[in-house]
Amino acid sequence: MSNTSSTTAYALLVRPDGFFQILDWPTESTQNLRALRSAIGCTTVDVVDVTDTLSMWLDDEGLFAENPRVNIPAFRLFAHYGTPHQRYFGNAVFTGGTDPNGDTLGLTEDAILGLLMNHLRFLTELSRIPAQRNK
C-alpha cells in the first residue's frame, strides 16, 4: 500500500439531519469552488474561519431557502473548535485553512478523522441512544 496521505486531501459535508460524507478535495485549486457548490447544493457560497486551519463553507443564501434548516451538527462541530457567532443554515462543508496564495486547503487524514470522531459523538448525544448497561 502506498502512502498518499501527504498528497490526498479531504473535506467533510455535514447536513442539518446529521448525514455526513467525506469528500475528496480537488488537487487543482481551480476546482475548489465547483466542488463546494456541488457538495452544498447552491450557487453562492460563504466561508467562516473556525480556526487558522479549519474553515466551514455554507450556502450564502441558506437562510432564505424555502424551508431553511439550522445545521445543529455543523454548529456543534464549529463550537468544539471555535466560537460560532450565529446559527448556520443548510449543508456545511468543512475544509482546511488557506495556503499563502489564499487557496483553500483540504483536510489532512488526521484532521478529517478528528472531525468525524467529534461529529459521531455529537450525533450520539443528539439522538439520546442509551449506552449498553453493565450488570
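By a polar contact I mean a pair of N or O atoms within 3.5 Å, where, within protein, one has to be able to donate a hydrogen and the other to accept it. Keep that in mind for the helix cap I'll get to in a minute. And a quick reminder before we start: this is a predicted model.

Okay, the sheet. We've got an open sheet of 5 strands, in the order β2-β1-β5-β4-β3, and the pairing is antiparallel. So who sits at the edges? That's β2, residues 20-24, and β3, residues 45-51; each has a single partner strand, so one side of each is left without a neighbour in the sheet. Going from one strand to the next, the twist averages 25°.

Let me zoom in on one pair. Strand β4, residues 54-59, runs antiparallel to β5, residues 92-95, and 4 bridges join them. If you want a landmark there, find L58: A92 in β5 stands opposite.

Now, helix α2. This one covers residues 72-81 and lies across β1 (that's 10-14), β3, β4 and β5. Relative to β3, α2 runs at about 35°. Which residues of α2 are buried? P73, A74, L77 and F78. Look down the axis of α2 and those buried residues fall within an arc of 140°, so they line one face of the helix.

And here's the cap I promised. N71 caps the N-terminal end of α2, with a side-chain oxygen 2.9 Å from the backbone nitrogen of A74. A74, remember, is also on that list of buried α2 residues.

Next, a histidine. H119 is in helix α3, which spans residues 109-127. Is H119 buried or exposed? Buried, with a relative accessible area of 0%. What does H119 touch, once you leave aside its neighbours within four places in sequence? The contacts are V14, G18, F20, P73 and L77. Two of those names should ring a bell: P73 and L77 came up as buried residues of α2.

Last bit, charges. Side chains of opposite charge can pair when their charged atoms come close. How many salt bridges does the structure hold? Just 1. R15 pairs with D17, and the closest N and O atoms are 2.9 Å apart. As for how open the two partners are, R15 has 30% relative accessibility, so R15 counts as partly exposed. D17, at 43% relative accessibility, counts as partly exposed too.

Okay, that's my tour. Happy to rotate the model if anyone wants another view.

Technical notes:
Residues numbered from 1 in each chain as written. Predicted model: local features only at pLDDT ≥ 70, side-chain atom pairs only at ≥ 80, totals over all residues. Heavy atoms only, no water. Salt bridge = Lys/Arg side-chain N within 4 Å of Asp/Glu carboxyl O. Buried < 20%, exposed > 50% of the residue type's maximum accessible area, 1.4 Å probe, protein only. Pairing = 2+ DSSP bridges. Helix = DSSP H or I, 4+ residues; strand = E, 2+ residues; numbered from the N terminus. Axes fitted to C-alpha atoms, helices over the stretch in contact; angles between N-to-C directions. Contact = heavy atoms within 4.5 Å. Arc of directions from axis to C-beta.
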